[in-house]
Amino acid sequence: MITSALQAAPQPEPEAVAASEHIAPAPRVSVQAFCETVETAAAIQSAGEDRRLGKAHLKIQMGGIAAAIEAYNGSPTPNIIMIETASRGDDVIAGLDSLSEVCDAGTRVIVIGRVNDVGFYRELMRRGISDYLLAPLGTIDVVRSICGLFSAPDAKPVGRVIAVIGAKGGVGASTVAHNIAWSIAGDLGLDTVVSDLDLGFGTAGLDYNQDPPQGIADAVFSPDRIDNAFVDRLLSKCTDHLSLLAAPATLDRVYDFGEEAFDSIFDALRATVPCIMLDVPHQWMGWTKRTLVGADDILVVAGPDLANLRNAKNLLDFLKSARPNDRRPYYCLNQVGVQKRPEISAADFAKALDDEPVAVIPFEPQVFGTAANNGQMVAELAASHRTAEMFRQLSQLLTGRSEAKKARSSLLSPLIGKLLKR
Ligand SMILES: Nc1ncnc2c1ncn2[C@@H]1O[C@H](COP(=O)(O)OP(=O)(O)OP(=O)(O)O)[C@@H](O)[C@H]1O
Ligand SMILES: [Mg+2]
C-alpha cells in the first residue's frame with residue numbers, strides 16, 4: 001500500500017486496472033467517510049456502488065477530521081473511518097491524535113490527503129494509520145484501499161470467480177465451462193472448483209463422470225454449517241487440481257432460491273480455492289443476476305442466431321453498467337457452422353456487441369457428442385483437436401495468463417446480415 005500511496009496520478013483506465021490486478025471483495029464492514037471536497041465524496045460514493053463493496057455499509061459526510069472527532073465523541077466507531085484533509089503537516093497529525101482518543105480498538109483509519117511526501121507518510125504509518133491515499137482519487141483507488149485492509153499481503157491468493165452463462169438455453173455454456181475449468185486445472189495447474197448451479201438439471205457430474213452423494217445443494221440448504229471442513233466434504237475430486245461441487249439433478253425438491261442463497265458458499269470457496277468456475281444456468285433470477293455481477297470475470301456463450309445476439313447484447317449491456325470499474329464481460333460463439341443452417345457471423349456479432357468474441361467454437365457433433373456420452377472432456381478424447389486448443393487459450397485468458405488469439409471469423413458467410421441491418 002505504501003507504493004500505491006506515493007504514486008502520483010495519472011489514474012489508469014478502470015479496464016486496465018481490472019485486467020492487471022485482482023481485488024478481492026470486502027466483507028460486511030461499516031465504513032464512514034468524512035470528506036472535505038465534493039470530488040473525494042463522489043469518488044467514495046461511486047466506490048460504494050462497486051460490486052466488491054456490495055456488502056460494506058458506507059456513509060459519507062463532509063467536514064473532514066473535525067467532524068469525525070465530533071461524531072465519535074461518545075458514540076462507537078465503525079470498522080473503517082476515511083478522513084480527507086486538505087491541510088499539510090502538523091495540524092493533520094494533531095487532528096489524528098485527537099481522533100485516536102475517541103476511536104474504538106480495531107477501527108482502522110484511511111487518510112486521504114494532498115501531501116506527497118515520504119516523511120509525512122511515515123509519520124502517519126507510525127500513528128497506526130492503515131493507508132494513505134493521494135487525492136485526487138479514482139473510484140478504484142478507494143475500492144482497492146478498503147478491500148486491501150482485509151487481504152493480508154502474505155495470505156494465499158484468494159479465489160478468482162469465473163462465471164459462465166449461455167445467452168440461450170442449450171448453447172453449450174456448461175460444456176464450455178467444464179472444458180475451460182479442466183484446462184485451468186490441468187494445463188495451468190491451478191486448483192479449481194467447478195460449481196454446478198443448475199441444481200435440477202446440471203450436467204457437470206455427467207460430464208466429469210462423477211456421481212457424488214453430496215454437492216452444492218447441501219451448501220445452499222444449510223448455509224449455517226458452512227466452514228472449510230464442511231465444504232471439503234461436499235467437493236468431489238475429478239483430477240489432481242480439479243474438484244466438483246455437483247448439482248443433485250434430482251427433482252424431489254424445488255430450487256427457487258433467495259438472492260443471497262449462494263453468498264456463504266461462494267465466500268467459503270473464495271477463501272480457499274484459487275479458481276472457482278461457476279456454471280450458471282440460463283435464467284434471470286435475483287441470485288443469478290447477483291452471481292454474475294459479483295464474479296471476477298464473466299464469459300457469455302452464444303449460438304450464432306438472432307435470439308442469442310439479442311440476449312447476449314442485453315446481458316453484456318446490463319453487466320457493463322452494473323460493473324463500471326471492471327473489465328467488460330467476454331463472450332464467445334459456440335456451435336458455429338451447422339450444415340445448411342443460416343447463421344449470424346462473428347463479424348456481425350462483433351459489430352452489434354461492439355467487441356470481438358474471444359473464441360468462435362465450431363459445431364463438432366462427433367467429438368462433443370462422444371465426449372458428453374463418455375463423461376470426458378474434449379482434450380481427454382483428442383488433445384490436439386482444434387477445440388481443445390481453444391479451451392486452453394480461453395483458460396489462459398480467463399485466469400489472466402495471456403491474451404487469447406483474435407477470434408477467427410465464422411466459417412459461414414453472414415446470411416442473416418441483412419436481417420441484422422434492418
Ligand atoms: N461446439 C459444439 N459442437 C457440438 N456439440 C456441442 C458443442 N458445444 C456443446 N455441444 C453439445 O450441446 C449440448 C448442450 O450443451 P450444454 O449442456 O453444455 O449446454 P447449456 O448451454 O449448458 O445448456 P442448458 O441451457 O441446458 O444449461 C450437449 O449435448 C453438448 O455436448
Ligand atoms: Mg448448462
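**Group meeting: Asp-279 and the ligand 1 site**

Okay, so the protein chain here has 19 helices and 13 strands. Keep in mind that this is a predicted model. Of the 422 residues in the chain, 50% are buried. If you take the contacts with a separation of 6 or more, 78% of them are between residues 24 or more positions apart. The chain exposes about 19,400 Å², and carbon and sulfur atoms supply 51% of that.

Now, the residue I wanted to show you is Asp-279. You'll find Asp-279 in strand E10, which runs over residues 275–280. Asp-279 is buried, yet it has no salt bridge. Where is the nearest side chain of opposite charge? That's Arg-323, and it's 16 Å away. What Asp-279 does have is a polar contact of 2.9 Å, side chain to side chain, with Ser-174. Leaving aside residues up to four places away in sequence, Asp-279 also touches others, including His-178, Asp-196 and Asp-198.

Ser-174 takes us over to ligand 1, since Ser-174 is among the closest of the 16 residues surrounding that ligand, along with Gly-170, Ala-173, Thr-175 and Asn-334. Which elements supply at least two residues each to this shell? Those are helix H8 (173–186), strand E12 (330–336), strand E13 (360–362) and helix H16 (365–374).

The backbone joins in too. Polar backbone atoms sit 3.1 Å from a ligand oxygen at Val-171 and 3.0 Å from a ligand oxygen at Gly-172. At Pro-362, a polar backbone atom is 2.9 Å from a nitrogen of ligand 1. Taken alone, ligand 1 exposes 630 Å², and the protein buries 74% of that.

Key: Residues are numbered from 1 along each chain as its sequence is written. Chains are lettered from A and ligands numbered from 1 in the order in which they are written. This is a predicted model: local features need pLDDT of at least 70, side-chain atom pairs count only at pLDDT 80 or more; totals for chains, interfaces and linings use all residues. Side-chain values use heavy atoms; hydrogens and water are left out. Helices (H or I, at least four residues) and strands (E, at least two) are DSSP runs, numbered from the N terminus. Buried means under 20% relative accessible area, exposed over 50%, partly exposed in between (1.4 Å probe, protein chains only). Contact means heavy atoms within 4.5 Å. Accessible areas come from the Shrake-Rupley method with a 1.4 Å probe; for residues, only the protein chains shown count as cover. Lys and Arg count as positive and Asp and Glu as negative; His and the chain ends are not counted. A salt bridge is a side-chain nitrogen of Lys or Arg within 4 Å of a carboxyl oxygen of Asp or Glu. A polar contact is a pair of N or O atoms within 3.5 Å; within protein, one must be able to donate a hydrogen and the other to accept it, and residues adjacent in sequence count only if both atoms are side-chain atoms. A residue is near a molecule or strand if one of its heavy atoms lies within 4 Å of it.
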